[in-house]
Amino acid sequence: MTATNDLFEGELSEAGVKDAVVAICSVLYVRGIREVSVGGLMRLLGIDEELADEHDDEFIILDEEFEKVLLQ
């Protein structure tokens, strides 16, 4: 399992995608979920299943830094 706190690197740098990721993660954060599967998130964003499969072992960690993003 690979974990990251950086939500906005690589392909997630586009503004619209970034907004969608923050919105999805915000709902999960409020519900108490602190680890988000990157592959699962990619599927929610409509990314091809085969590409998403490659990221199923990666997770975004929703911690205090994410909370700061929400408060901006």
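Let me start with serine 26, which, once its neighbours within four places in sequence are set aside, is in contact with Phe66 and Leu70. Please keep in mind throughout that this is a predicted model. Serine 26 sits in helix 1, which covers residues 15-30, and it counts as buried because its relative accessible area is 18%, where buried means under 20%.

Serine 26 has company in this respect, and that brings me to the helix as a whole. Helix 1 has 16 residues, and from its first C-alpha to its last it reaches 22 Å, which is close to the 22 Å expected at 1.5 Å a residue. Its buried residues are Val21, Val22, Cys25, Ser26 and Tyr29. Looking down the axis of helix 1, we find that these buried residues fall within an arc of 140 degrees, so they line one face of the helix. On the other side of helix 1, by contrast, Gly16, Asp19 and Val27 are exposed.

What do the buried residues of helix 1 pack against? They pack against strand 2, residues 35-37, against helix 2, residues 38-44, and against helix 4, residues 64-71.

Two further details belong to this part of the chain. Just after helix 1, glycine 32 takes a positive phi of about 90 degrees. Tyrosine 29, which I named among the buried residues of helix 1, has arginine 34 lying over the face of its ring, at 3.8 Å from the ring centre. As for pairs of aromatic rings, a search of the whole structure finds 1.

Now to the charged side chains, where a search of the whole structure finds 4 salt bridges. I will begin with arginine 43, which forms a salt bridge with aspartate 53, with the closest N and O atoms 2.6 Å apart. This pair links distant parts of the chain, since arginine 43 is in helix 2 and aspartate 53 is in helix 3, 10 residues apart. Arginine 43 also forms a salt bridge with aspartate 56, and here the closest N and O atoms are 2.9 Å apart. That second pair again links distant parts of the chain, with aspartate 56 in the loop between helix 3 and strand 3, residues 58-61, and arginine 43 in helix 2, 13 residues apart.

Are these three residues buried, partly exposed or exposed? Arginine 43 counts as partly exposed because its relative accessibility is 28%, aspartate 53 is partly exposed at 39%, and aspartate 56 is partly exposed at 30%, the range for that class lying between 20% and 50%. Taken together with Glu49, they are linked in a network of salt bridges, whose members are Arg43, Glu49, Asp53 and Asp56.

To place aspartate 53 a little further, helix 3 covers residues 49-53, and the C-alpha atom of aspartate 53 is separated by 9.3 Å from that of valine 38, although the two are 15 residues apart along the chain.

The last salt bridge I want to show is in helix 4, between glutamate 65 and lysine 68, with the closest N and O atoms 3.1 Å apart. Both residues lie in helix 4, 3 residues apart, which is about one turn of the helix. Glutamate 65 counts as partly exposed, since its relative accessibility is 43%. Helix 4 is also one of the elements against which the buried residues of helix 1 pack, and that brings us back to where we began.

Technical notes
Residues numbered from 1 in each chain as written. Predicted model: local features only at pLDDT ≥ 70, side-chain atom pairs only at ≥ 80, totals over all residues. Heavy atoms only, no water. Phe/Tyr/Trp six-rings, centres within 6.5 Å; stacked < 30°, edge-to-face > 60°. Lys NZ or Arg CZ within 6 Å of the ring centre and 35° of its normal. Helix = DSSP H or I, 4+ residues; strand = E, 2+ residues; numbered from the N terminus. Buried < 20%, exposed > 50% of the residue type's maximum accessible area, 1.4 Å probe, protein only. Contact = heavy atoms within 4.5 Å. Expected span 1.5 Å × (residues − 1). Arc of directions from axis to C-beta.
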